[in-house]
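Biologist: I'm new to this structure and would love a close look at one part of it. Could you walk me through it?

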Amino acid sequence: RFNAIVARGTYNRHTMSEVLEYQMGFDINWENAIGDRIQNKTDQMADYAAFIILKWRANEHIMIQPALRAAYNTKYNAPLAPSVNAKFNWRKNQLRLSYARGFRAPSLKELYLDFTDSNHELEGNPDLEAENSHNFNLAYHFNTKIKRRPFDAKFTLFYNQIFNQIKLIQVDPGNAIHYRNENIEGQSESLGGTVGFTMNPLEFMSLELAYSNTGVRY
């Protein structure tokens with residue numbers, strides 16, 4: 001049996017000129033597990049976090065949004081997690097850039113749940129380390145009209161670095177169903193993007209063409 005309590009509170013504030021806006025708040029996530037398939041029969045974990053987000057409109061073309069999240073995890077040392085987003089508008093163009101640091105503690109299932117039946121033999125791993133990551137995103141949007149009909153073009157690109165990524169790994173060459181949660185040594189990377197076009201050749205018709213691709217390396 002798994003029980004969870006999730007709570008979140010936020011406070012928003014606009015300045016009189018609406019040039020600066022900020023939001024602050026907290027997150028609470030508490031979970032416990034009880035049962036014969038849990039290695040110690042019972043265990044629990046909690047995460048307590050506070051965050052602040054600033055939104056600064058430098059002018060009608062530029063908006064910058066930095067943020068910071070501080071957390072306390074009862075089993076792992078959670079680092080400060082900063083992020084920053086920026087948006088630039090000019091004429092019919094919009095460009096967005098963002099960076100965020102990520103942190104994920106293993107779940108109770110990944111740590112302690114052992115599950116065995118005729119088709120599965122899955123082990124939890126209490127020695128797992130937490131995942132850390134860096135995430136980068138870029139998005140460009142262009143909109144115009146062709147013969148008075150709307151036309152949009154979008155381009156997105158992302159790059160992620162994940163350290164100590166948690167995955168189910170086959171641990172017994174002689175047993176094809178025996179897996180255990182393990183940290184991938186070193187870092188894993190993913191890179192991908194999307195190119196898309198949307199047009200309305202007729203009032204009652206919309207056409208969309210898009211291509212996306214993602215690559216992963218361990």
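Biologist: Why does Ile146 count as partly exposed? And what can you tell me about the pockets?

Modeller: Happy to help, and please keep in mind that this is a predicted model. Ile146 has a relative accessibility of 48%, so it counts as partly exposed, since that class runs between 20% and 50%. Ile146 belongs to strand β9, which covers residues 131-146. Pro201 is 55 residues away from Ile146 in sequence, yet their C-alpha atoms are 8.8 Å apart in space.

Now for the pockets. The largest pocket holds about 280 Å³ of space. It is lined by 16 residues, and those closest to its centre are Asn29, Met45, Asp47, Asn73 and Ala105. Strands β1, β2, β3, β4 and β6 each give two or more residues to this lining. Sorted by class, the lining of the largest pocket has nine nonpolar, three polar and four charged residues.

The second largest pocket holds about 180 Å³. Among its 15 lining residues, Ala67, Leu68, Arg69, Ala81 and Ser83 are the closest to the centre. Here β3, β4, β5 and β6 are the elements with two or more residues in the lining. By class, the lining of the second largest pocket has eight nonpolar, three polar and four charged residues.

Strand β6 spans residues 93-104 and includes Ser98. With 19% relative accessibility, Ser98 counts as buried. Leaving out residues up to four places away in sequence, Ser98 touches Val84, Asn85, Asn135, Phe136 and Asn137.

Notes:
Residues numbered from 1 in each chain as written. Predicted model: local features only at pLDDT ≥ 70, side-chain atom pairs only at ≥ 80, totals over all residues. Heavy atoms only, no water. Helix = DSSP H or I, 4+ residues; strand = E, 2+ residues; numbered from the N terminus. Buried < 20%, exposed > 50% of the residue type's maximum accessible area, 1.4 Å probe, protein only. Contact = heavy atoms within 4.5 Å. 1 Å grid on protein atoms, 1.4 Å probe; cavity = no way out; pocket = protein on both sides within 12 Å on 5 of 7 lines; lining within 4 Å. Points joined across faces, edges and corners; volume = space filled by probe spheres on them. Nonpolar A, V, L, I, M, F, W, Y, C, P; charged D, E, K, R; others polar.
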